[in-house]
Amino acid sequence: MALRRLLALGAALGRRSCCSKPSLPPDFVEALRAVVGAPNVSTAAAVREQHGHDESMHPCAPPDVVVWPQAVGQVQELAALCHRGRVPMVPFGTGTGLEGGVNAVQGGVCFDLSRMDAIAELSLEDFSVTVEPGVTRKALNKHLRGTGLWFPVVSKA
Ligand SMILES: Cc1cc2nc3c(=O)[nH]c(=O)nc-3n(C[C@H](O)[C@H](O)[C@H](O)COP(=O)(O)OP(=O)(O)OC[C@H]3O[C@@H](n4cnc5c(N)ncnc54)[C@H](O)[C@@H]3O)c2cc1C
């Protein structure tokens with residue numbers, strides 16, 4: 001009985017989250033374009049679909065819009081816009097996660113961080129490196145070539 005009630009509650013919540021998906025505030029996409037430039041904002045269905053899933057089995061849940069910030073300041077401005085408009089934000093690396101973390105179940109803005117790919121600082125003495133979020137393992141290893149160091153496939157590489 002308890003299980004049946006739990007399942008009914010789950011179904012009701014599922015219906016509500018599906019049906020109550022909020023729409024974007026007026027002029028919101030224009031405001032995003034003003035921050036990162038029009039070429040770094042897309043509402044194309046194919047692009048949204050590509051960003052609405054990872055490698056997991058979860059069904060695609062596309063965001064309303066995808067943005068490609070290229071600097072920390074832009075991320076801050078975009079986040080402020082989302083906060084003011086009560087719009088969900090979903091960070092996106094390469095979409096290879098295995099748990100559906102990039103699925104935009106409430107829509108919103110996908111922050112594709114792949115164009116923030118600078119390697120800021122490398123300290124060979126203490127084996128530490130500071131990178132932007134778009135730096136991949138392979139790119140880092142290319143940068144490290146010749147130093148005697150490498151970044152192995154480890155948890156969340
Ligand atoms: C074939 C295969 C083998 C794998 N093997 C391993 C393994 O051996 N060990 C292991 O640990 N993992 C493994 N993984 C999983 C691996 O950890 C993920 O692929 C990787 O962490 C996802 O990184 P991503 O940039 O693609 O993130 P995404 O899939 O884009 O995102 C993953 C999650 O992180 C969030 N996110 C993304 N970028 C940021 C950011 N900059 N700031 C905050 N949140 C962010 C997303 O919103 C999402 O919730 C494997 C995956 C695959 C496909």
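**View 1. P26 sits out in the open, with a relative accessible area of 73%.** That makes P26 exposed, a word used here for anything over 50% relative accessible area, while buried means under 20% and partly exposed covers what lies in between (1.4 Å probe, protein chains only). This is a predicted model, so local features need pLDDT of at least 70 and side-chain atom pairs count only at pLDDT 80 or more, whereas totals for chains, interfaces and linings use all residues. Residues are numbered from 1 along each chain as its sequence is written, and side-chain values use heavy atoms, with hydrogens and water left out. P26 belongs to the loop that runs between α1 (2-19) and α2 (28-36). Helices (H or I, at least four residues) and strands (E, at least two) are DSSP runs, numbered from the N terminus. Look across from P26 to G85: the two are 59 residues apart along the chain, and their C-alpha atoms are separated by 9.6 Å.

**View 2. The whole protein chain, for orientation.** The protein chain has five helices and six strands. Walk along the sequence and you pass them in the order α-α-β-α-β-α-β-β-β-β-α. The chain is 157 residues long, and 29% of those residues count as buried.

**View 3. Helix α4, with a buried face and an exposed one.** With 14 residues, α4 should span 20 Å at 1.5 Å a residue, and its end C-alpha atoms are indeed 20 Å apart; the expected span is 1.5 Å times one less than the number of residues. L78, L81 and C82 are buried in α4. Down the helix axis, the buried residues of α4 fall within an arc of 95°, so they line one face. That arc is taken from the directions from the helix axis to the C-beta atoms. On the face turned away from the buried side you'll find the exposed residues V72, Q76, H83 and R84. As a reminder, an α-helix has 3.6 residues a turn, so residues three or four places apart point the same way.

**View 4. Helix α5, another helix with a buried side.** Here, in residues 137-144, L140, N141 and L144 are buried. They cover an arc of only 100° around the axis, which puts them on the same side of α5. K138 and K142 are exposed on the face of α5 turned away from that buried side.

**View 5. Two loop residues with positive phi, R86 and F127.** Most residues other than glycine have a negative phi. R86 goes the other way, with phi near 55°. R86 lies in the loop between α4 (72-85) and β3 (89-92) and is exposed, at 68% relative accessible area. F127 also has a positive phi, of about 55°. You'll find F127 in the loop between β5 (119-123) and β6 (128-131), exposed at 65% relative accessible area.

**View 6. The ligand and its shell of 16 residues.** P91, G93, T94, T96 and G97 are the closest of the residues around the ligand; a residue is near a molecule if one of its heavy atoms lies within 4 Å of it. The shell divides into seven nonpolar, seven polar and two charged residues. For that split, Ala, Val, Leu, Ile, Met, Phe, Trp, Tyr, Cys and Pro count as nonpolar, Asp, Glu, Lys and Arg as charged, and the others, Gly among them, as polar. A backbone N or O atom of G93 is 2.7 Å from a ligand oxygen atom. A polar backbone atom of G97 is also 2.7 Å from an oxygen atom of the ligand, and for a polar backbone atom of G101 the distance to a ligand oxygen atom is 3.4 Å. Taken alone, the ligand exposes 960 Å², and the protein buries 55% of that (Shrake-Rupley areas with a 1.4 Å probe; for residues, only the protein chains shown count as cover).

**View 7. D54, a buried loop residue with polar neighbours.** D54 is in the loop between α3 (45-50) and β2 (65-67), and its relative accessible area is 7%. Its side chain makes a polar contact of 2.5 Å with the side chain of S56. A polar contact is a pair of N or O atoms within 3.5 Å; within protein, one must be able to donate a hydrogen and the other to accept it, and residues adjacent in sequence count only if both atoms are side-chain atoms. A polar atom of the D54 side chain also lies 3.4 Å from the backbone nitrogen of G101.
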